[in-house]
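Visitor: I am new to this structure and would love a close look at one single part of it. Could you pick a residue and walk me through its surroundings?

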Amino acid sequence: MMLTCDGVSDNLLCMTEADIFQKSIELFSRFNEIKEATLYNLQALNNTWLSQEQFCKIIGRMRLYQALPNAQQKQLP
């Protein structure tokens, strides 16, 4: 899985949930912390819980989004 956060990109190769957590923490540690709006969203994300099914749907949609033509990508939020 490829993650991008404020221009910082990283390949996320994980076998367990702990690997996902650790790699995410490493990615976020390189994040430019000056942008307050993004920090607020990240803090709100801390209090958000997803089921495994919801997480899989989000990841699947993000991966499919990249395959859409540019015109359709601009129509979606």
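Guide: Happily! Let us go to Q73, which touches Y65, Q66 and L68 when residues up to four places away in sequence are left aside. Please keep in mind that this is a predicted model. Two of those neighbours also take part in polar contacts. The side chain of Q73 reaches the backbone oxygen of Y65 at 2.9 Å, and the backbone oxygen of L68 is reached by the side chain of Q73 at 3.2 Å. Q73 itself sits in helix α4, which covers residues 70–75. With a relative accessible area of 18%, Q73 counts as buried, because the cut-off for that word is under 20%.

To place this in the whole chain, start at the N terminus: the elements run β-β-α-α-α-α, giving two strands and four helices. Of the 77 residues, 10% count as buried, and Q73 is one of the buried residues.

Helix α3, made of residues 52–65, offers another place to look, and I58 lies in it. I58 has 39% relative accessibility, so this residue is classed as partly exposed. Together with L50, F55 and M62, I58 forms a nonpolar patch on the surface, and the four have about 340 Å² of accessible area together. For the chain as a whole, the accessible surface comes to about 6,900 Å², and 57% of it belongs to carbon and sulfur atoms.

One last view takes in the contacts along the chain. Among those between residues at least 6 apart in sequence, 16% join residues at least 24 apart.

Methods:
Residues are numbered from 1 along each chain as its sequence is written. This is a predicted model: local features need pLDDT of at least 70, side-chain atom pairs count only at pLDDT 80 or more; totals for chains, interfaces and linings use all residues. Side-chain values use heavy atoms; hydrogens and water are left out. Patches are made of residues with over 30% relative accessible area and no salt bridge: like charges are joined within 9 Å, nonpolar side chains (Val, Leu, Ile, Met, Phe, Trp, Tyr) within 5 Å. Accessible areas come from the Shrake-Rupley method with a 1.4 Å probe; for residues, only the protein chains shown count as cover. A salt bridge is a side-chain nitrogen of Lys or Arg within 4 Å of a carboxyl oxygen of Asp or Glu. Buried means under 20% relative accessible area, exposed over 50%, partly exposed in between (1.4 Å probe, protein chains only). A polar contact is a pair of N or O atoms within 3.5 Å; within protein, one must be able to donate a hydrogen and the other to accept it, and residues adjacent in sequence count only if both atoms are side-chain atoms. Contact means heavy atoms within 4.5 Å.
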